Amino acid sequence: MSISDESFQKAQDHEMANWVKDTSNVSRLLYELVEHSEIAGPLDRYVKTPVVRSLEVGVGCFGLGFLAAHFAHKAGRIDGIDPLPRLDINLPDADLQRYVDAIRGRVHYQSCIGERMPFDDATFDLVACINVVDHAQSPESILKEIQRVLKPGGIFAFSVSTLSFAGEKKWHFNRWRKPNEWLFVAHPHTYQWTRADAMIRSFFPNVLWNDQPSTFKQWAGKGRMSYWIVQK
Ligand SMILES: C[S@@+](CC[C@H](N)C(=O)[O-])C[C@H]1O[C@@H](n2cnc3c(N)ncnc32)[C@H](O)[C@@H]1O
């Protein structure tokens, strides 16, 4: 499902503001460096040897992303794309600044949308798209584009925020009450786990691993980041 150009622009304006305010914030940088470590171990099992080319879609305008921070030992050359421009980071801790610069230096950053990427078919051995599609204009078009640029046999690490049945009802009620709140504007799409699972399987039926929540959590649990590793 796609949203209008206007809604996407509004989502991106909110997204940008959320990064710009933290370019000197040590806690936020440390958080960005460690988050999504849940998928690093499983990915390490499925990507057995280092690959030549990898891509991170929606890498975030700090230019860090998941692959450069967690998977550089196997990711080869890392291209990173995001619609937003890469921001300068100026930290008050010189050692952390050097570390962050080293991670950012691993990513070949380009500003573009995941729905239309400037890469040839079957370019990448490994693609990651972590916590992106619920922020985007057309999640399905991004998955289709990832399918295009991934080599046959290539690995795709995917994650999206998922809500329980009850949680999604509450989300929609709160969005109706406060439609301009950051959380709702910046997340134009919502997923329950089963819908996200059906979406990823419709493009990549060969699911190698996921962290499926229990049935109880799918009905009444808290919102969470859900992960899949699939193979083309
Ligand atoms: C919540 S941030 C996550 C950033 C990073 N993946 C991470 O996990 O830290 C969502 C990112 O998706 C990007 N994004 C939104 N729409 C996109 C699109 N159509 N194509 C690619 N990236 C997009 C946003 O600009 C933002 O940087």
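This report walks through helix 2, the ligand and some aromatic pairs in the structure above. Keep in mind that the model is predicted.

**Helix 2 and its two sides**

Let's start with helix 2, which covers residues 26-34. Which of its residues are buried? R28, L29, E32 and L33 are. If you look down the axis of helix 2, these buried residues fall within an arc of 135°, so they line one face of the helix. Now turn to the face that points away from this buried side: there you'll find S27 and V34, which are exposed.

What covers the buried residues of helix 2? The cover includes helix 1 (5-20), helix 4 (65-70) and helix 6 (94-104).

Check out the ends of the helix too. N25 caps the N-terminal end of helix 2, with a side-chain oxygen 3.0 Å from the backbone nitrogen of S27. Just after helix 2 comes H36, which takes a positive phi of about 75°.

R28, one of the buried residues of helix 2, also meets an aromatic ring. The charged end of R28 sits over the ring of W19, 4.6 Å from the ring's centre.

**Around the ligand**

How many residues surround the ligand? There are 22 of them, and the closest are G58, D82, G114, E115 and I130. Two residues you've already met turn up here as well: E32 has a polar side-chain atom 3.1 Å from an oxygen atom of the ligand, and H36 has a polar side-chain atom 3.1 Å from a ligand oxygen. Q12 joins in with a polar side-chain atom of its own. Here are those contacts side by side:

| Residue | Distance from a polar side-chain atom to a ligand oxygen atom |
|---|---|
| Q12 | 3.2 Å |
| E32 | 3.1 Å |
| H36 | 3.1 Å |

**Aromatic pairs**

Now for the rings: the structure holds nine aromatic pairs. Why is the pair of F119 and F124 called edge-to-face? Their ring centres are 5.0 Å apart and their planes stand at 90°, so the pair counts as edge-to-face. F119 and F124 are both buried.

W171 and F184 make another edge-to-face pair, at 4.9 Å centre to centre and with 80° between the planes. W171 lies in helix 8 (residues 165-177) and F184 in helix 9 (residues 182-186), so this pair ties together parts that are 13 residues apart in sequence. Are these two buried or exposed? Both W171 and F184 are buried.

Finally, have a look at F156, F158, W193, F204 and W228, which form one aromatic cluster.

Terms used
Residues are numbered from 1 along each chain as its sequence is written. This is a predicted model: local features need pLDDT of at least 70, side-chain atom pairs count only at pLDDT 80 or more; totals for chains, interfaces and linings use all residues. Side-chain values use heavy atoms; hydrogens and water are left out. Rings of Phe, Tyr and Trp (its six-membered ring) pair if their centres lie within 6.5 Å; planes under 30 degrees apart count as stacked, over 60 as edge-to-face and the rest as tilted. Buried means under 20% relative accessible area, exposed over 50%, partly exposed in between (1.4 Å probe, protein chains only). Helices (H or I, at least four residues) and strands (E, at least two) are DSSP runs, numbered from the N terminus. A charge sits over a ring if NZ of Lys or CZ of Arg is within 6 Å of the ring centre and within 35 degrees of the ring normal. The arc is that of the directions from the helix axis to the C-beta atoms. Contact means heavy atoms within 4.5 Å. A polar contact is a pair of N or O atoms within 3.5 Å; within protein, one must be able to donate a hydrogen and the other to accept it, and residues adjacent in sequence count only if both atoms are side-chain atoms. A residue is near a molecule or strand if one of its heavy atoms lies within 4 Å of it.
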